[in-house]
Amino acid sequence: MTITFIGDSFTLGVGDSEDKGWVGRVCEEAGVSYKNAGVQGDTSDDITERWKEAAVGADKLVFCFGANDCLLNEHRRVRVGKVERLKNAKAIMMAASRMAPTLFISPFPIAENEIATKCIADTARQLSVVAKMNKVPYVNIFEAMKGAKAWHSEALAGDGAHPGTGGYAEAAKLITEHSVWQDFLKV
């Protein structure tokens with residue numbers, strides 16, 4: 001079984017000196033092979049455009065994105081508005097779940113960026129509703145990650161957004177212990 005992970009730089013594991021990120025860690029724990037199709041800087045608009053190509057040959061699909069949608073652009077507006085974010089997520093959920101068993105994981109917070117983090121928190125909550133309405137499993141670890149010490153301290157010591165090994169290990173632990181992830185592995 002191969003699980004394909006599609007998302008942004010947090011999915012890719014940017015900042016992890018071990019090059020595992022949370023994706024490598026959760027798959028190592030589960031004993032499954034994986035393909036990481038995370039792309040740094042991707043918004044939900046970008047993922048909407050590329051996910052089908054990345055999903056070719058996948059036995060299962062996991063999506064994790066939304067943080068970049070909430071960053072401010074040069075006009076001091078979020079890069080992808082709320083309606084468009086949710087529309088993108090719903091379209092992906094509906095199409096992906098027809099291709100393979102599909103799971104969504106909440107977007108991750110950005111250290112010391114209160115504007116983006118508030119928007120990401122709203123997105124995480126809204127994705128929960130969209131996922132439930134579309135019967136797509138959803139792992140929401142946003143609040144736990146918002147309070148995760150290693151995630152924040154490592155991000156602040158690095159580029160301000162991406163943690164190191166400890167932060168990704170925190171995320172992986174929360175995911176692997178989540179009953180929705182455990183059930184997804186059994187499908």
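Leaving aside its neighbours within four places in sequence, which residues is T102 in contact with? The legends below take that up first and then move through the rest of this predicted model.

**View 1. T102 and its surroundings in strand β4.**
In this predicted model, T102 is part of strand β4. Once neighbours within four places in sequence are set aside, T102 is in contact with L61, F63, A96, S97, V136, P137 and F184. With a relative accessible area of 5%, T102 is buried; the cut-off for that word is under 20%. Two polar contacts of the T102 side chain are worth finding here: one reaches the backbone oxygen of A100 at 2.8 Å, and another reaches the backbone nitrogen of S97 at 3.4 Å. T102 also has company on its own strand, since both faces of β4 are covered. T102 and F104 lie on one side, L103 and I105 lie on the other, and all of them are buried.

**View 2. The open sheet and its two edges.**
Step back a little and you can follow five strands, in the order β2-β1-β3-β4-β5, forming an open sheet with parallel pairing. Which strands stand at the edges? They are β2 (33–38) and β5 (138–139); each has a single partner strand, so one side of each is left without a neighbour in the sheet. Helix α9 (residues 179–186) packs on the sheet, where it touches β1 (2–7), β3, β4 and β5. The direction of α9 makes about 155° with that of β3.

**View 3. Strand β3 between β1 and β4.**
Here the focus is β3 and its pairings. Strand β3 (residues 60–64) pairs with strand β4 (residues 102–105) in the parallel sense, over three bridges. Across this pairing, L61 stands opposite T102, and V62 stands opposite L103. Strands β1 and β3 also run parallel, joined by five bridges, and I3 stands opposite K60 in β3. Is β3 enclosed or open to its surroundings? Five of its five residues are buried, so β3 is largely enclosed by the rest of the structure. To sort the side chains, look for K60, V62 and C64 pointing one way from β3, with L61 and F63 pointing the other way.

**View 4. D59, in the loop before β3.**
D59 sits in the loop between α3 (44–54) and β3. At 40% relative accessibility, D59 counts as partly exposed. What does the side chain of D59 reach at 2.7 Å? Its partner is the backbone nitrogen of T2. Leaving aside neighbours within four places in sequence, D59 is in contact with M1, T2, A100 and P101. The C-alpha atoms of D59 and I3 are separated by 5.9 Å, although these residues are 56 residues apart along the chain.

**View 5. N68, a buried loop residue.**
Follow the chain into the loop between β3 and α4 (82–99), and you will find N68. Buried or exposed? N68 is buried, and its relative accessible area is 10%. The N68 side chain reaches the backbone oxygen of D42 at 2.9 Å. Not counting residues up to four places away in sequence, N68 touches D8, G41, D42, T43 and R79.

**View 6. Helices α8 and α9 where they pack.**
The axes of α8 and α9 are 5 Å apart, and the two helices pack at an angle of about 65°. Angles of 65 to 115 degrees count as roughly perpendicular, and α8 and α9 are therefore roughly perpendicular to each other. On the α8 side, I175, T176 and E177 make the contact, while α9 contributes S179, W181 and Q182. By class, this contact of α8 with α9 has two nonpolar, three polar and one charged residues.

**View 7. The buried residues of helix α7.**
Which residues of helix α7 (residues 149–157) are buried? They are A150, W151, H152 and A155. These buried residues of α7 pack against three helices you can pick out around them: α1 (9–12), α6 (142–146) and α8 (165–177). A general point helps when reading this view: an α-helix has 3.6 residues a turn, so residues three or four places apart point the same way.

Notes. Residues numbered from 1 in each chain as written. Predicted model: local features only at pLDDT ≥ 70, side-chain atom pairs only at ≥ 80, totals over all residues. Heavy atoms only, no water. Pairing = 2+ DSSP bridges. Helix = DSSP H or I, 4+ residues; strand = E, 2+ residues; numbered from the N terminus. Contact = heavy atoms within 4.5 Å. Axes fitted to C-alpha atoms, helices over the stretch in contact; angles between N-to-C directions. Buried < 20%, exposed > 50% of the residue type's maximum accessible area, 1.4 Å probe, protein only. Polar contact = N/O pair within 3.5 Å; in protein donor to acceptor, adjacent residues only side chain to side chain. Parallel < 35°, antiparallel > 145°, perpendicular 65-115°, else oblique. Nonpolar A, V, L, I, M, F, W, Y, C, P; charged D, E, K, R; others polar.
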